[in-house]
Amino acid sequence: LRCAIREGLPVRFRYRKFDGERSRRTITPERIEMVGRSLCVAGYCHLRNDERVFAIKRMSRLLIRGSR
């Protein structure tokens with residue numbers, strides 16, 4: 001994630017919300033921050049066309065787009 005932030009690269013991943021709902025997202029991450037007791041990544045969500053924050057522990061199958 002830090003590499004994607006530094007390089008301005010989008011990241012694809014699967015996300016599991018607190019209630020168990022699952023989705024696939026692509027974000028352009030901007031920063032890593034603590035929200036309460038959770039380490040999160042904040043950035044532009046291409047699905048919602050808006051800034052969103054995602055708990056890193058709920059993310060899986062991360063793929064940095066444009067990387068090897």
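**Exercise 1.** Is R61 buried or exposed, and what is its relative accessible area?

*Solution.* The model is a predicted one, and the step here is to compare a computed value with a cut-off. A residue counts as exposed when its relative accessible area is over 50%. R61 has a relative accessible area of 63%, and therefore R61 is exposed. As to its place, R61 is found in strand 5, which covers residues 59-64. The backbone of R61 deserves a look as well, since its phi is near 50 degrees, a positive value in a residue other than glycine. As background, most residues other than glycine have a negative phi.

**Exercise 2.** Find the patch of positive charge on the surface, and state which elements give two or more residues to the patch.

*Solution.* Begin with the members: R12, R14, R16, R22, R24, R37, K57, R61 and R65 gather in a patch of positive charge on the surface. Next, sort them by element, which shows that strand 1 (11-16) and strand 2 (22-35) are the elements that give two or more residues to the patch. Of these, strand 1 provides the largest share, with 3 residues. Finally, take one member as a check: R24 lies in strand 2, and with a relative accessible area of 61% R24 is exposed.

**Exercise 3.** Follow the pairing of strand 3 with strand 2 and with strand 4, and describe the residues with positive phi in the two hairpins.

*Solution.* First, strand 2 and strand 3 run antiparallel and are joined by 8 bridges, and within this pairing T28 has Y44 of strand 3 as its bridge partner. The two strands form a hairpin with 2 residues between them, and in its turn G36 has a positive phi of about 65 degrees.

Second, strand 3 also pairs with strand 4 (residues 50-55), again in the antiparallel sense, over 6 bridges. Here V41 stands opposite F54 of strand 4. In this hairpin there are 4 residues between the strands, and N49 takes a positive phi near 55 degrees, which is a positive value in a residue other than glycine. N49 is found in the loop between strand 3 and strand 4, and at 54% relative accessibility N49 counts as exposed.

Third, consider the surroundings of strand 3 itself: 6 of the 8 residues of strand 3 (residues 38-45) are buried, so strand 3 is largely enclosed by the rest of the structure. L39, however, is found in strand 3 and counts as partly exposed, at 42% relative accessibility.

**Exercise 4.** Which residues are linked in a network of salt bridges, and how many salt bridges are counted?

*Solution.* The count comes to 3 salt bridges, and these can be taken one at a time. The side chains of E21 and K17 meet in a salt bridge at 3.5 Å, N to O. In this pair E21 is partly exposed, at 43% relative accessibility, and K17 is likewise partly exposed, with a relative accessible area of 35%.

Turning to R31, its side chain meets that of E30 in a salt bridge at 3.6 Å, N to O, while R31 also forms a salt bridge with E33, where the closest N and O atoms are 2.8 Å apart. The residues linked in a network of salt bridges are therefore E30, R31 and E33, since a salt bridge requires a side-chain nitrogen of Lys or Arg within 4 Å of a carboxyl oxygen of Asp or Glu. As a last step, check the accessibility of each member: E30 is partly exposed at 40%, R31 is partly exposed at 38%, and E33 is partly exposed at 24%.

Methods: Residues numbered from 1 in each chain as written. Predicted model: local features only at pLDDT ≥ 70, side-chain atom pairs only at ≥ 80, totals over all residues. Heavy atoms only, no water. Patch = residues over 30% accessible without salt bridge, like charges linked within 9 Å, V, L, I, M, F, W, Y side chains within 5 Å. Areas by Shrake-Rupley, 256 points an atom, 1.4 Å probe, with all protein chains shown as cover. Lys, Arg positive; Asp, Glu negative; His and termini not counted. Charge placed at Lys NZ, Arg CZ, Asp CG, Glu CD. Buried < 20%, exposed > 50% of the residue type's maximum accessible area, 1.4 Å probe, protein only. Pairing = 2+ DSSP bridges.
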